[in-house]
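Take a look at the chain below. The walk-through starts from a single side chain and then widens to the whole fold.

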Amino acid sequence: MNFCSHCGHTVRLAIPQGDDRPRFLCDECETIHYQNPRIVAGTLTVSGTRVLLCRRAIAPRKGYWTLPAGFMENGETTAEAAARETREEACAETHLQGLYTLINLPHINQVFMIFRADLEGSFAPGPESLEVGLFEEHEIPWEELAFPTIERTLWHFYADRKLGEFPLHMSDIVPDRERQSGAG
């Protein structure tokens, strides 16, 4: 950030009085510009024993498979964002079952929130997907998954499905040293 979005003057990076981390400060209008993590919301959509995956048509990781998910918009809940992203990427309507994985990625300032969902009706590729398909566990393209968050969510799902219980899984992904925390 070079300029204040309130008054247009240059900003500097400094620790504001009473704070504990650097922020962009405008000395002209005294605005403190806070930058907070972005929420990625999506679904683990199931039809019978198969999981809905989308092959990405956009960067990053174009051509790789993912669960339908994307950045939350202002004015919507996390559940609304997850359902919207599923409609946009897979042209699919779902019935949400509840939050399933919450994965913190502090190194890229993101929080992934994936909801379990049941597929209602048909699906097709949206503008951000090259193709969309339903996969049995043995058909998952594990080597072609776009993100570690997707792989982790699918691991949890297949382990939980064997037990017949689907608790909330909370964890962190940190480069060079993954660590699990919370309810695992």
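**From one tryptophan outward**

W142 counts as partly exposed, because its relative accessibility is 27% and that class lies between the 20% and 50% cut-offs. This is a predicted model, and the values that follow are computed from it.

Y158 falls on the other side of the lower cut-off. Its relative accessible area is 4%, so Y158 is buried. F157 and Y158 also form an aromatic pair. Their ring centres are 5.2 Å apart. The planes meet at 65°, and the pair is edge-to-face. Both partners, F157 and Y158, are buried.

The structure holds 5 aromatic pairs. W142 and Y158 make one of them, with ring centres 6.3 Å apart. Why is this pair edge-to-face? The planes of W142 and Y158 stand at 70°, and an angle over 60 degrees puts a pair in that class. The pair links distant parts of the chain. W142 sits in the loop between strand 10 (129–135) and helix 2 (148–163). Y158 belongs to helix 2 itself, and 16 residues separate the two.

Now follow the rings further. Ring pairs join W142, F157 and Y158 with Y100 and F166 into a cluster. One member of this cluster, F166, also has a charged neighbour. R116 lies over the face of F166, 4.1 Å from the ring centre. A second arrangement of this kind involves R61 and Y64. The charged end of R61 sits over the Y64 ring, at 3.8 Å from its centre.

Step back to the fold. Which elements build the chain? There are 2 helices and 11 strands. Reading from the N terminus, the order is β-β-β-β-β-β-β-α-β-β-β-α-β. A helix thus follows the opening run of strands, and the chain's last element is a strand.

Contacts add to this picture. Among those with a separation of 6 or more, 57% join residues 24 or more positions apart. Along the principal axes, the C-alpha atoms fill a box of roughly 60 × 35 × 30 Å.

How much of the chain is buried? Of its 184 residues, 42% are buried. F157 and Y158 are among the buried residues. The chain exposes about 10,200 Å². Carbon and sulfur atoms supply 49% of that area.

Charge completes the tour. The chain carries 17 positive and 27 negative side chains. The centres of the two sets lie 3 Å apart.

Notes:
Residues are numbered from 1 along each chain as its sequence is written. This is a predicted model: local features need pLDDT of at least 70, side-chain atom pairs count only at pLDDT 80 or more; totals for chains, interfaces and linings use all residues. Side-chain values use heavy atoms; hydrogens and water are left out. Helices (H or I, at least four residues) and strands (E, at least two) are DSSP runs, numbered from the N terminus. Buried means under 20% relative accessible area, exposed over 50%, partly exposed in between (1.4 Å probe, protein chains only). Contact means heavy atoms within 4.5 Å. Accessible areas come from the Shrake-Rupley method with a 1.4 Å probe; for residues, only the protein chains shown count as cover. Lys and Arg count as positive and Asp and Glu as negative; His and the chain ends are not counted. The place of a charge is taken as NZ of Lys, CZ of Arg, CG of Asp or CD of Glu. Rings of Phe, Tyr and Trp (its six-membered ring) pair if their centres lie within 6.5 Å; planes under 30 degrees apart count as stacked, over 60 as edge-to-face and the rest as tilted. A charge sits over a ring if NZ of Lys or CZ of Arg is within 6 Å of the ring centre and within 35 degrees of the ring normal.
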